[in-house]
Amino acid sequence: MPKLNENYLNVQDSYLFAEIARRVKVYEETHPDKAQNIIRLGIGDVTRPLTKSAIEALHEAVDMQAVPETFKGYGPEQGYEFARQAVAGYYAKNGVHVDADDVFISDGAKSDTGNITELFAQDNVILVPDPVYPVYVDTNTMDGKQILYMNGTEENNFLPMPDDSVKADIIYLCSPNNPTGACYNKEQLKAWVEYALKNEAVILFDSAYEAFVSEPELPRSIYAVEGAEKCAIEFCSLSKTAGFTGTRFSYTVVPKALVFTASNGRQMSIRDMWNRRQSTKFNGTPYIIQHAAAKVLSDAGMKECMENISYYMENARLIADTLRRKHISFTGGVNSPYIWFKCPDGMESWDFFDYLLENAQVVGTPGAGFGVNGKNHFRLTSFGTHEKTKEAMERFEKLFS
Ligand code: MLT
(Lines give C-alpha, C1' and ligand atoms only; values in the text may rest on other atoms or scores of the structure.)
Protein backbone atom coordinates (compact mmCIF):
# COMPACT_ATOMS: atom_id res chain seq x y z
CA MET A 1 0.00 0.00 0.00
CA PRO A 2 1.39 3.45 -0.84
CA LYS A 3 2.17 5.79 2.01
CA LEU A 4 0.15 8.90 1.37
CA ASN A 5 1.15 12.52 1.55
CA GLU A 6 -0.84 13.08 4.69
CA ASN A 7 -0.33 16.82 4.49
CA TYR A 8 -3.43 16.60 2.31
CA LEU A 9 -5.33 15.87 5.53
CA ASN A 10 -4.59 19.46 6.48
CA VAL A 11 -5.95 21.21 3.38
CA GLN A 12 -9.57 22.27 3.12
CA ASP A 13 -11.81 19.60 1.59
CA SER A 14 -12.18 21.57 -1.60
CA TYR A 15 -10.59 24.55 -3.29
CA LEU A 16 -12.45 27.82 -2.60
CA PHE A 17 -13.83 28.36 -6.10
CA ALA A 18 -14.78 24.70 -6.45
CA GLU A 19 -16.77 25.01 -3.21
CA ILE A 20 -18.54 28.12 -4.51
CA ALA A 21 -19.37 26.36 -7.78
CA ARG A 22 -20.73 23.40 -5.78
CA ARG A 23 -22.97 25.62 -3.67
CA VAL A 24 -24.28 27.49 -6.72
CA LYS A 25 -25.04 24.16 -8.44
CA VAL A 26 -27.02 22.98 -5.42
CA TYR A 27 -28.96 26.26 -5.48
CA GLU A 28 -29.68 25.86 -9.20
CA GLU A 29 -30.93 22.31 -8.69
CA THR A 30 -33.15 23.25 -5.79
CA HIS A 31 -34.42 26.49 -7.39
CA PRO A 32 -34.77 25.71 -11.11
CA ASP A 33 -37.07 28.72 -11.56
CA LYS A 34 -34.30 31.08 -10.36
CA ALA A 35 -31.31 29.39 -12.03
CA GLN A 36 -31.54 31.58 -15.15
CA ASN A 37 -31.39 34.72 -13.01
CA ILE A 38 -28.06 34.03 -11.38
CA ILE A 39 -25.39 36.69 -11.88
CA ARG A 40 -21.84 35.48 -11.24
CA LEU A 41 -19.44 38.00 -9.74
CA GLY A 42 -17.53 35.37 -7.77
CA ILE A 43 -14.48 33.87 -9.45
CA GLY A 44 -12.40 36.46 -11.28
CA ASP A 45 -13.09 35.11 -14.73
CA VAL A 46 -13.26 37.47 -17.69
CA THR A 47 -16.30 37.89 -19.92
CA ARG A 48 -14.85 39.92 -22.81
CA PRO A 49 -13.68 37.77 -25.73
CA LEU A 50 -10.07 37.80 -26.88
CA THR A 51 -8.88 40.91 -28.69
CA LYS A 52 -8.72 41.17 -32.48
CA SER A 53 -4.93 40.91 -32.60
CA ALA A 54 -4.92 37.87 -30.31
CA ILE A 55 -7.45 36.10 -32.53
CA GLU A 56 -5.57 36.98 -35.72
CA ALA A 57 -2.31 35.73 -34.22
CA LEU A 58 -3.95 32.50 -33.07
CA HIS A 59 -5.28 31.86 -36.58
CA GLU A 60 -1.90 32.67 -38.07
CA ALA A 61 -0.12 30.26 -35.70
CA VAL A 62 -2.62 27.47 -36.39
CA ASP A 63 -1.94 27.88 -40.11
CA MET A 64 1.79 27.71 -39.44
CA GLN A 65 1.27 24.34 -37.80
CA ALA A 66 -0.31 23.09 -41.05
CA VAL A 67 2.82 23.29 -43.21
CA PRO A 68 6.13 21.47 -42.77
CA GLU A 69 8.24 24.65 -43.13
CA THR A 70 6.68 26.37 -40.13
CA PHE A 71 5.38 23.40 -38.12
CA LYS A 72 6.61 23.28 -34.51
CA GLY A 73 6.88 20.23 -32.29
CA TYR A 74 8.39 20.38 -28.81
CA GLY A 75 9.49 23.88 -27.95
CA PRO A 76 11.96 25.09 -25.35
CA GLU A 77 10.56 24.35 -21.89
CA GLN A 78 11.39 27.91 -20.79
CA GLY A 79 9.44 29.42 -23.66
CA TYR A 80 10.41 30.57 -27.16
CA GLU A 81 13.00 33.32 -27.29
CA PHE A 82 10.53 35.63 -29.10
CA ALA A 83 8.01 35.25 -26.25
CA ARG A 84 10.63 35.85 -23.54
CA GLN A 85 11.80 38.93 -25.42
CA ALA A 86 8.20 40.15 -25.75
CA VAL A 87 7.78 39.87 -21.96
CA ALA A 88 11.07 41.70 -21.31
CA GLY A 89 9.97 44.37 -23.81
CA TYR A 90 6.63 44.76 -22.00
CA TYR A 91 8.47 45.30 -18.69
CA ALA A 92 10.76 47.84 -20.37
CA LYS A 93 7.74 49.82 -21.57
CA ASN A 94 6.68 50.06 -17.94
CA GLY A 95 10.14 51.32 -17.00
CA VAL A 96 11.43 48.08 -15.46
CA HIS A 97 14.43 46.11 -16.64
CA VAL A 98 14.30 42.32 -16.68
CA ASP A 99 16.61 40.04 -18.68
CA ALA A 100 14.78 37.96 -21.26
CA ASP A 101 16.73 34.88 -20.18
CA ASP A 102 15.38 35.27 -16.63
CA VAL A 103 11.82 35.03 -18.01
CA PHE A 104 10.11 31.63 -17.95
CA ILE A 105 6.94 31.19 -19.97
CA SER A 106 4.29 28.97 -18.46
CA ASP A 107 0.59 28.13 -18.58
CA GLY A 108 -0.51 30.01 -15.50
CA ALA A 109 0.62 32.03 -12.52
CA LYS A 110 -1.43 29.64 -10.40
CA SER A 111 0.68 26.64 -11.44
CA ASP A 112 3.98 28.51 -11.14
CA THR A 113 3.23 29.98 -7.69
CA GLY A 114 2.23 26.46 -6.64
CA ASN A 115 5.18 24.66 -8.22
CA ILE A 116 7.88 27.06 -7.01
CA THR A 117 7.48 25.67 -3.48
CA GLU A 118 9.41 22.58 -4.67
CA LEU A 119 12.62 24.62 -4.72
CA PHE A 120 12.45 25.32 -1.01
CA ALA A 121 13.04 22.89 1.86
CA GLN A 122 10.42 21.77 4.30
CA ASP A 123 11.67 23.72 7.30
CA ASN A 124 11.41 27.21 5.84
CA VAL A 125 9.22 29.76 7.59
CA ILE A 126 6.63 30.92 5.09
CA LEU A 127 5.03 34.31 5.63
CA VAL A 128 1.64 34.82 4.08
CA PRO A 129 -0.76 37.76 4.35
CA ASP A 130 -4.28 37.11 5.60
CA PRO A 131 -6.54 37.62 3.63
CA VAL A 132 -4.69 35.80 0.86
CA TYR A 133 -5.16 34.10 -2.51
CA PRO A 134 -5.72 30.52 -1.28
CA VAL A 135 -3.21 28.90 -3.64
CA TYR A 136 -0.23 30.08 -1.56
CA VAL A 137 -1.64 28.49 1.58
CA ASP A 138 -2.93 25.28 0.00
CA THR A 139 0.32 24.51 -1.84
CA ASN A 140 2.52 25.06 1.21
CA THR A 141 0.14 23.01 3.33
CA MET A 142 0.34 20.19 0.76
CA ASP A 143 4.13 20.36 1.22
CA GLY A 144 3.82 20.29 5.01
CA LYS A 145 5.50 23.67 5.36
CA GLN A 146 5.01 25.93 8.35
CA ILE A 147 2.98 29.06 7.56
CA LEU A 148 2.99 32.27 9.57
CA TYR A 149 0.28 34.80 8.87
CA MET A 150 0.50 38.58 8.86
CA ASN A 151 -2.70 40.48 9.39
CA GLY A 152 -4.26 42.53 6.66
CA THR A 153 -6.94 44.64 8.33
CA GLU A 154 -8.86 47.84 7.78
CA GLU A 155 -6.34 49.54 10.10
CA ASN A 156 -3.42 48.86 7.74
CA ASN A 157 -5.57 49.16 4.60
CA PHE A 158 -5.04 45.43 4.08
CA LEU A 159 -1.36 46.07 3.36
CA PRO A 160 0.70 44.33 6.06
CA MET A 161 4.23 45.63 6.47
CA PRO A 162 7.39 43.83 7.63
CA ASP A 163 7.80 43.13 11.31
CA ASP A 164 11.44 42.82 12.36
CA SER A 165 10.54 40.47 15.19
CA VAL A 166 9.38 37.87 12.64
CA LYS A 167 12.09 35.88 10.86
CA ALA A 168 10.63 34.63 7.61
CA ASP A 169 12.44 32.78 4.83
CA ILE A 170 9.80 33.04 2.13
CA ILE A 171 7.29 35.87 1.84
CA TYR A 172 4.24 35.97 -0.41
CA LEU A 173 3.05 39.37 -1.58
CA CYS A 174 0.33 40.12 -4.11
CA SER A 175 -0.12 43.67 -5.36
CA PRO A 176 -2.63 44.81 -6.56
CA ASN A 177 -3.97 42.38 -4.06
CA ASN A 178 -6.29 39.50 -4.60
CA PRO A 179 -8.74 39.58 -2.81
CA THR A 180 -8.63 43.06 -1.24
CA GLY A 181 -7.71 45.16 -4.28
CA ALA A 182 -5.22 47.11 -2.13
CA CYS A 183 -1.96 48.13 -3.78
CA TYR A 184 1.46 48.74 -2.19
CA ASN A 185 3.22 51.99 -2.99
CA LYS A 186 6.92 52.11 -3.82
CA GLU A 187 8.03 53.05 -0.28
CA GLN A 188 6.13 50.08 1.13
CA LEU A 189 7.61 47.66 -1.40
CA LYS A 190 11.03 49.12 -0.65
CA ALA A 191 10.53 48.25 3.02
CA TRP A 192 9.72 44.66 2.01
CA VAL A 193 12.80 44.42 -0.21
CA GLU A 194 14.99 45.78 2.60
CA TYR A 195 13.50 43.27 5.03
CA ALA A 196 14.10 40.40 2.60
CA LEU A 197 17.69 41.42 1.87
CA LYS A 198 18.44 41.84 5.58
CA ASN A 199 16.93 38.44 6.47
CA GLU A 200 18.15 36.62 3.34
CA ALA A 201 14.53 35.86 2.54
CA VAL A 202 12.85 35.41 -0.83
CA ILE A 203 9.78 37.40 -1.86
CA LEU A 204 7.34 35.59 -4.11
CA PHE A 205 5.60 38.51 -5.75
CA ASP A 206 2.32 37.97 -7.56
CA SER A 207 1.65 40.80 -9.99
CA ALA A 208 -1.17 39.14 -11.91
CA TYR A 209 -3.25 42.33 -11.68
CA GLU A 210 -0.51 44.83 -12.60
CA ALA A 211 -2.30 46.01 -15.75
CA PHE A 212 -5.16 47.31 -13.60
CA VAL A 213 -2.99 49.84 -11.76
CA SER A 214 -4.38 53.21 -12.76
CA GLU A 215 -2.38 55.50 -10.47
CA PRO A 216 0.92 56.03 -12.31
CA GLU A 217 3.04 56.46 -9.17
CA LEU A 218 2.16 52.94 -7.94
CA PRO A 219 4.64 50.19 -8.89
CA ARG A 220 3.44 47.44 -11.21
CA SER A 221 6.41 45.21 -10.52
CA ILE A 222 8.59 44.51 -7.49
CA TYR A 223 11.58 45.13 -9.78
CA ALA A 224 10.65 48.82 -9.74
CA VAL A 225 12.47 48.71 -6.39
CA GLU A 226 16.26 48.68 -6.46
CA GLY A 227 17.77 45.45 -5.16
CA ALA A 228 14.60 43.40 -5.71
CA GLU A 229 16.41 41.26 -8.29
CA LYS A 230 18.51 39.89 -5.40
CA CYS A 231 15.52 38.75 -3.36
CA ALA A 232 12.37 38.45 -5.47
CA ILE A 233 10.67 36.16 -7.95
CA GLU A 234 7.74 37.66 -9.83
CA PHE A 235 4.72 35.86 -11.26
CA CYS A 236 2.45 37.39 -13.85
CA SER A 237 0.04 36.27 -16.51
CA LEU A 238 -2.15 37.35 -19.39
CA SER A 239 -5.25 35.81 -17.80
CA LYS A 240 -6.70 39.07 -16.56
CA THR A 241 -4.62 41.46 -18.68
CA ALA A 242 -5.65 39.94 -22.00
CA GLY A 243 -8.56 37.66 -21.15
CA PHE A 244 -6.42 34.52 -21.40
CA THR A 245 -8.13 32.65 -18.52
CA GLY A 246 -9.10 29.92 -20.97
CA THR A 247 -6.19 30.43 -23.37
CA ARG A 248 -3.39 30.15 -20.74
CA PHE A 249 -0.16 32.12 -20.82
CA SER A 250 1.91 33.31 -17.90
CA TYR A 251 5.45 34.37 -17.17
CA THR A 252 7.66 34.07 -14.13
CA VAL A 253 10.80 36.13 -13.66
CA VAL A 254 13.58 34.40 -11.72
CA PRO A 255 16.58 36.77 -11.75
CA LYS A 256 20.06 35.28 -12.03
CA ALA A 257 21.14 37.46 -9.08
CA LEU A 258 19.02 35.28 -6.79
CA VAL A 259 21.70 33.01 -5.33
CA PHE A 260 21.78 31.23 -1.96
CA THR A 261 24.26 28.96 -0.22
CA ALA A 262 23.33 25.28 0.15
CA SER A 263 24.20 23.36 3.33
CA ASN A 264 27.28 21.88 1.59
CA GLY A 265 28.53 25.39 0.90
CA ARG A 266 27.66 25.34 -2.78
CA GLN A 267 26.22 28.52 -4.28
CA MET A 268 22.88 27.70 -5.85
CA SER A 269 21.10 29.87 -8.37
CA ILE A 270 17.32 29.79 -7.95
CA ARG A 271 17.05 30.56 -11.65
CA ASP A 272 19.07 27.45 -12.52
CA MET A 273 17.03 25.34 -10.12
CA TRP A 274 13.76 26.55 -11.68
CA ASN A 275 15.20 25.96 -15.14
CA ARG A 276 16.14 22.43 -14.09
CA ARG A 277 12.71 21.82 -12.60
CA GLN A 278 10.84 23.13 -15.63
CA SER A 279 12.95 21.22 -18.14
CA THR A 280 12.15 17.96 -16.34
CA LYS A 281 8.52 18.54 -15.41
CA PHE A 282 7.14 20.88 -18.09
CA ASN A 283 7.08 20.67 -21.85
CA GLY A 284 6.38 24.31 -22.50
CA THR A 285 3.37 26.44 -23.34
CA PRO A 286 1.94 25.65 -26.80
CA TYR A 287 3.62 27.51 -29.65
CA ILE A 288 0.24 28.79 -30.87
CA ILE A 289 -0.42 30.47 -27.54
CA GLN A 290 3.08 31.96 -27.26
CA HIS A 291 2.74 33.40 -30.77
CA ALA A 292 -0.54 35.09 -29.80
CA ALA A 293 0.84 36.26 -26.45
CA ALA A 294 3.78 38.00 -28.13
CA LYS A 295 1.30 39.92 -30.31
CA VAL A 296 -0.78 40.81 -27.27
CA LEU A 297 2.31 42.18 -25.52
CA SER A 298 3.09 44.53 -28.42
CA ASP A 299 1.98 48.18 -28.27
CA ALA A 300 -0.96 47.60 -30.61
CA GLY A 301 -1.99 44.42 -28.81
CA MET A 302 -1.84 46.05 -25.41
CA LYS A 303 -3.91 49.02 -26.58
CA GLU A 304 -6.79 46.65 -27.28
CA CYS A 305 -6.33 44.95 -23.90
CA MET A 306 -6.47 48.31 -22.14
CA GLU A 307 -9.86 48.95 -23.77
CA ASN A 308 -11.15 45.76 -22.16
CA ILE A 309 -9.57 46.71 -18.85
CA SER A 310 -11.33 50.11 -18.99
CA TYR A 311 -14.57 48.26 -19.62
CA TYR A 312 -14.07 46.20 -16.45
CA MET A 313 -12.99 49.21 -14.44
CA GLU A 314 -16.25 50.90 -15.38
CA ASN A 315 -17.98 47.95 -13.67
CA ALA A 316 -15.70 48.45 -10.67
CA ARG A 317 -16.83 52.08 -10.47
CA LEU A 318 -20.46 51.00 -10.61
CA ILE A 319 -19.95 48.54 -7.74
CA ALA A 320 -17.97 51.09 -5.72
CA ASP A 321 -20.66 53.77 -6.24
CA THR A 322 -23.34 51.39 -5.03
CA LEU A 323 -21.37 50.53 -1.89
CA ARG A 324 -20.69 54.20 -1.22
CA ARG A 325 -24.40 55.01 -1.47
CA LYS A 326 -25.06 52.24 1.05
CA HIS A 327 -22.27 53.53 3.36
CA ILE A 328 -20.52 50.17 3.17
CA SER A 329 -16.76 50.47 3.58
CA PHE A 330 -14.60 48.84 0.92
CA THR A 331 -11.15 48.69 -0.63
CA GLY A 332 -10.14 48.05 -4.24
CA GLY A 333 -11.84 48.89 -7.47
CA VAL A 334 -9.36 51.67 -8.38
CA ASN A 335 -6.12 49.82 -9.15
CA SER A 336 -7.72 46.40 -9.15
CA PRO A 337 -10.69 44.58 -10.61
CA TYR A 338 -11.73 43.38 -7.15
CA ILE A 339 -13.89 45.17 -4.62
CA TRP A 340 -13.59 43.98 -1.03
CA PHE A 341 -16.23 45.15 1.41
CA LYS A 342 -17.57 44.60 4.86
CA CYS A 343 -20.66 42.40 4.94
CA PRO A 344 -23.70 44.48 5.93
CA ASP A 345 -25.19 44.13 9.41
CA GLY A 346 -22.13 42.34 10.79
CA MET A 347 -22.94 39.18 8.83
CA GLU A 348 -20.36 36.44 8.41
CA SER A 349 -19.19 36.01 4.85
CA TRP A 350 -20.57 32.53 4.07
CA ASP A 351 -23.94 33.57 5.56
CA PHE A 352 -23.83 36.67 3.41
CA PHE A 353 -22.96 34.52 0.39
CA ASP A 354 -26.10 32.41 0.98
CA TYR A 355 -28.21 35.48 1.70
CA LEU A 356 -27.17 37.23 -1.50
CA LEU A 357 -27.64 34.11 -3.59
CA GLU A 358 -31.02 33.33 -2.04
CA ASN A 359 -32.43 36.85 -2.18
CA ALA A 360 -30.76 38.49 -5.16
CA GLN A 361 -29.31 35.54 -7.12
CA VAL A 362 -25.93 37.26 -7.08
CA VAL A 363 -22.81 35.17 -6.55
CA GLY A 364 -19.75 36.70 -4.88
CA THR A 365 -16.81 35.29 -2.97
CA PRO A 366 -16.96 34.98 0.83
CA GLY A 367 -14.00 36.63 2.51
CA ALA A 368 -13.55 33.68 4.88
CA GLY A 369 -12.30 31.71 1.87
CA PHE A 370 -9.24 33.99 1.87
CA GLY A 371 -8.43 33.63 5.56
CA VAL A 372 -9.73 34.45 9.03
CA ASN A 373 -9.38 38.19 8.46
CA GLY A 374 -11.94 37.85 5.69
CA LYS A 375 -14.56 36.37 8.02
CA ASN A 376 -16.81 39.44 7.73
CA HIS A 377 -15.81 40.56 4.26
CA PHE A 378 -16.94 39.79 0.76
CA ARG A 379 -15.34 40.10 -2.68
CA LEU A 380 -17.06 41.10 -5.90
CA THR A 381 -15.34 41.03 -9.26
CA SER A 382 -15.75 43.59 -11.99
CA PHE A 383 -15.14 40.99 -14.72
CA GLY A 384 -18.86 40.66 -15.52
CA THR A 385 -20.65 42.38 -18.38
CA HIS A 386 -21.94 45.94 -17.86
CA GLU A 387 -25.51 44.72 -18.13
CA LYS A 388 -25.14 41.97 -15.53
CA THR A 389 -23.08 44.12 -13.16
CA LYS A 390 -25.67 46.90 -13.36
CA GLU A 391 -28.49 44.45 -12.75
CA ALA A 392 -26.61 42.87 -9.82
CA MET A 393 -26.07 46.28 -8.23
CA GLU A 394 -29.75 47.20 -8.68
CA ARG A 395 -30.72 44.00 -6.90
CA PHE A 396 -28.13 44.68 -4.19
CA GLU A 397 -29.41 48.19 -3.65
CA LYS A 398 -33.00 46.99 -3.43
CA LEU A 399 -32.05 44.24 -0.97
CA PHE A 400 -30.37 46.71 1.36
CA SER A 401 -32.76 49.61 0.95
C1 MLT B 1 -9.83 34.62 -8.40
O2 MLT B 1 -11.03 34.74 -8.60
O3 MLT B 1 -9.30 34.84 -7.31
C4 MLT B 1 -9.00 34.18 -9.53
O5 MLT B 1 -9.71 34.11 -10.69
C6 MLT B 1 -8.41 32.89 -9.27
C7 MLT B 1 -7.23 32.66 -10.13
O8 MLT B 1 -6.74 33.56 -10.81
O9 MLT B 1 -6.76 31.55 -10.08
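I began with the contacts between the two domains of this predicted model, and I found 35 residues of domain 1 in contact with 44 residues of domain 2. In domain 1, the residues that lose the most area to domain 2 are Tyr 15, Met 302 and Asn 335, which together account for 21% of what that side buries.

Next I looked up how the chain is divided, and I noted that domain 1 is made of two stretches, 6-48 and 301-399, while domain 2 covers 52-298. I then checked the separation of their C-alpha centres, which lie 25 Å apart.

For the extent of the interface I turned to buried area, since the size of an interface is often given as the accessible area lost when the parts come together. I noted about 3,200 Å² buried between domain 1 and domain 2, with carbon and sulfur atoms giving 58% of that area.

I then went through the polar side of the interface and counted 18 residue pairs in polar contact between domain 1 and domain 2, both residues being at pLDDT 80 or more. For salt bridges across this interface, the rule finds 1. I also looked up Lys 342, which forms a salt bridge with Glu 154, and I recorded 3.3 Å between the closest N and O atoms.

Last, I asked which elements give two or more residues to the side of domain 1 that touches domain 2. They are α9 (299-325), β11 (330-332), β12 (338-342) and β15 (377-381), and α9 gives the most, with 7 residues. Sorting that side of domain 1 by class, I entered 17 nonpolar, 14 polar and 4 charged residues.

Terms used. Residues are numbered from 1 along each chain as its sequence is written. This is a predicted model: local features need pLDDT of at least 70, side-chain atom pairs count only at pLDDT 80 or more; totals for chains, interfaces and linings use all residues. Side-chain values use heavy atoms; hydrogens and water are left out. Domain bounds come from an automatic or database domain assignment. Contact means heavy atoms within 4.5 Å. Buried area is the accessible area (1.4 Å probe) that two parts lose on being put together, summed over both. A salt bridge is a side-chain nitrogen of Lys or Arg within 4 Å of a carboxyl oxygen of Asp or Glu. A polar contact is a pair of N or O atoms within 3.5 Å; within protein, one must be able to donate a hydrogen and the other to accept it, and residues adjacent in sequence count only if both atoms are side-chain atoms. Helices (H or I, at least four residues) and strands (E, at least two) are DSSP runs, numbered from the N terminus. Ala, Val, Leu, Ile, Met, Phe, Trp, Tyr, Cys and Pro count as nonpolar, Asp, Glu, Lys and Arg as charged, and the others, Gly among them, as polar.
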